[in-house]
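Notebook open, coffee poured. I want to see how the parts of this chain are put together and what lies around its ligand.

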Amino acid sequence: MRTVSVFGATGSVGLSTLDLIRLNRQAYKVVALTANGNAADLARLAIEFEAEIAVVADEIVYPQLKAALAGTGIEAAAGADALDDAARRGADWTMAAIVGTAGLKPTLAAIEGGKTVALANKESLVSAGAMMMAAVARSGATLLPVDSEHNAIFQCLGGASLDQVRKITLTASGGPFRSFTWEQMRGVTPAQAVAHPNWDMGAKISVDSATMMNKGLELIEAHHLFPIGLDKIDILVHPQSVIHSMVEYNDCSTLAQLGSPDMRIPIASALAWPGRLATNCQPLDLASIGNLSFEAPDIERFPALALARGAISAGGAQPAILNAANEVAVAAFLSGRIGFLQIAQLGEAALTGYCPPIPSTLDDLFSIDAEARRYTARMIEEMVNGA
Ligand code: NAD
Ligand code: MG
């Protein structure tokens, strides 16, 4: 029996992970499940999966969690330190599926345990890539990519040396506004932006897919996970989301990983790695799909792609600034305070307007993240108040 913890258990990736564990209950023992403020759902899941501990990040809902778990023998805890402590319980396999850099500390705590960490929480890697990869090297942890593209690349590499790789191609659906003009994008609503044509995901990543910032963040993610040089990582729009990414070897042989657009497939691959797990996902039916198409990304209409490439090329604090500004801007868009096109504008403004020294410690990084958020919030106030 393998011990597992799921951070961000109530979210889209977390629930998909628990779906797979539900199918194979006898193989896994659940240690920790966590959520932000949804104590009722978290308690329900903790009881169903007989978790050792349930943790909410938001301390305000702690009494609710404690009451819901009373008499079950399941521990209840709350707050950021409790999340880190839960990660230190050292499950054999931890799913890092908190959204945003809120997931950074618990993910690092799990990595420091030296076991296996399945990483969905791309914002942590974007923001603290060098530090996270150094922690992986130090602890000997196994970091398994869950993001469908990176999981595809990992599968196509099959342990091959990166010296043998000529190019990595990240595929992108292009999101719901792939064929929209700039003018059409100006007026889109949050409801339109979260309605992804292929994938059913949390609100933040759905907006990121619509701006294509998601692919920008994934470029940075790929750069850290598969360091072959940025010039060797391409982005290709593939609207059907069937090919999840590709690896071209030096002999010009290209391997691709294909599957239905269902996150349970890459999650299952990470959960069972190096084995395979039977899932009840939809098998791929290429005859009914008929055609796979491809096009170059349009960086004029989707400036987030160029911002992300520029930020990781510049290095230092830039990826953390772009990520933080984007998190704040997406939240402002989702709450109706700013328009869709302003999301990338805010990312660009934060990158050019806030230039801290290169972070050398995690504390440096956290203060840069916090200041980039304040900077972006101030710019949003100016936009909203027309100052
Ligand atoms: P989601 O919004 O559905 O779920 C997020 C989870 O994190 C929830 O359990 C929530 O309670 C928790 N959470 C939110 N804020 C928190 C905070 N401040 N502190 C602690 N916990 C907090 O998000 P999601 O779509 O499941 O995405 C999770 C991560 O996986 C993101 O980084 C996303 O980019 C990545 N990812 C998601 C998908 C997908 O299909 N959903 C695909 C690839 C990568
Ligand atoms: Mg992805």
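Before naming any loop by its neighbours, I note that helices here are DSSP runs of H or I with at least four residues, numbered from the N terminus. I also keep in mind that this is a predicted model.

**Entry 1: two backbone oddities**

I started with P274, which sits in the loop between α12 (264–272) and α13 (286–289). The peptide bond leading into P274 from W273 is cis, and its omega is near 5°. Next I looked up M212, placed in the loop between α10 and α11 (213–225). M212 is not a glycine, yet its phi is positive, at about 70°.

**Entry 2: domains**

How is the chain divided? The domain assignment gives me domain 1 (2–145), domain 2 (148–300) and domain 3 (315–387). I took the centres of domain 1 and domain 2 over C-alpha atoms and found 25 Å between them. Across their boundary, 21 residues of domain 1 are in contact with 23 residues of domain 2.

Which elements of domain 1 supply this side? I find α1, α6 and β7 (142–145), each with at least two residues. The largest share belongs to α1, which brings seven residues. Sorted by class, the domain 1 side has eleven nonpolar, seven polar and three charged residues.

**Entry 3: around ligand 1**

I then turned to ligand 1 and counted 26 residues surrounding it. The closest are G8, G11, A102, M201 and G202. Three elements give two or more residues to this shell: α1 (12–23), α6 and α10 (203–211). Of the elements, α1 gives the most, with three residues. So far my notes have α1 twice: it leads in the ligand shell, and it has the largest share of the domain 1 side that touches domain 2.

Which domains does the shell draw on? Domain 1 and domain 2 each provide at least three of its residues. By class, I get 13 nonpolar, nine polar and four charged residues in the shell.

**Entry 4: α6 against α15**

Since α6 had already turned up in the ligand shell, I checked its packing as well. The axes of α6 (residues 122–139) and α15 (residues 318–334) come within 8 Å and cross at roughly 155°. Angles over 145 degrees count as roughly antiparallel, so α6 is roughly antiparallel to α15. The crossing of α6 past α15 is left-handed.

On the α6 side, the contact is made by E123, V126, S127 and G129, and on the α15 side by P319, A320, N323 and E327. I class these as three nonpolar, three polar and two charged residues.

**Entry 5: α4 against α5**

How do α4 and α5 pack, roughly parallel or roughly antiparallel? The angle between helix α4 (residues 80–87) and helix α5 (residues 104–112) is about 25°, with the axes 8 Å apart. Angles under 35 degrees count as roughly parallel, so α4 is roughly parallel to α5. Here the crossing is right-handed, whereas α6 passes α15 in a left-handed one.

I listed the contact residues too: A80, L83, D84 and A87 come from α4, while K105, P106, A109 and A110 come from α5. By class, this contact has six nonpolar residues, no polar ones and two charged ones.

Methods. Residues are numbered from 1 along each chain as its sequence is written. Chains are lettered from A and ligands numbered from 1 in the order in which they are written. This is a predicted model: local features need pLDDT of at least 70, side-chain atom pairs count only at pLDDT 80 or more; totals for chains, interfaces and linings use all residues. Axes are lines fitted to C-alpha atoms, for helices over the stretch in contact, and angles run from 0 to 180 degrees between N-to-C directions. Angles under 35 degrees count as roughly parallel, over 145 as roughly antiparallel, 65 to 115 as roughly perpendicular and the rest as oblique. A crossing is left-handed if the near helix is turned anticlockwise from the far one by less than a right angle, and right-handed if clockwise. Two residues are in contact if their C-beta atoms, placed from the backbone, lie within 7 Å. Ala, Val, Leu, Ile, Met, Phe, Trp, Tyr, Cys and Pro count as nonpolar, Asp, Glu, Lys and Arg as charged, and the others, Gly among them, as polar. A residue is near a molecule or strand if its C-beta atom, placed from the backbone, lies within 6 Å of it. Domain bounds come from an automatic or database domain assignment.
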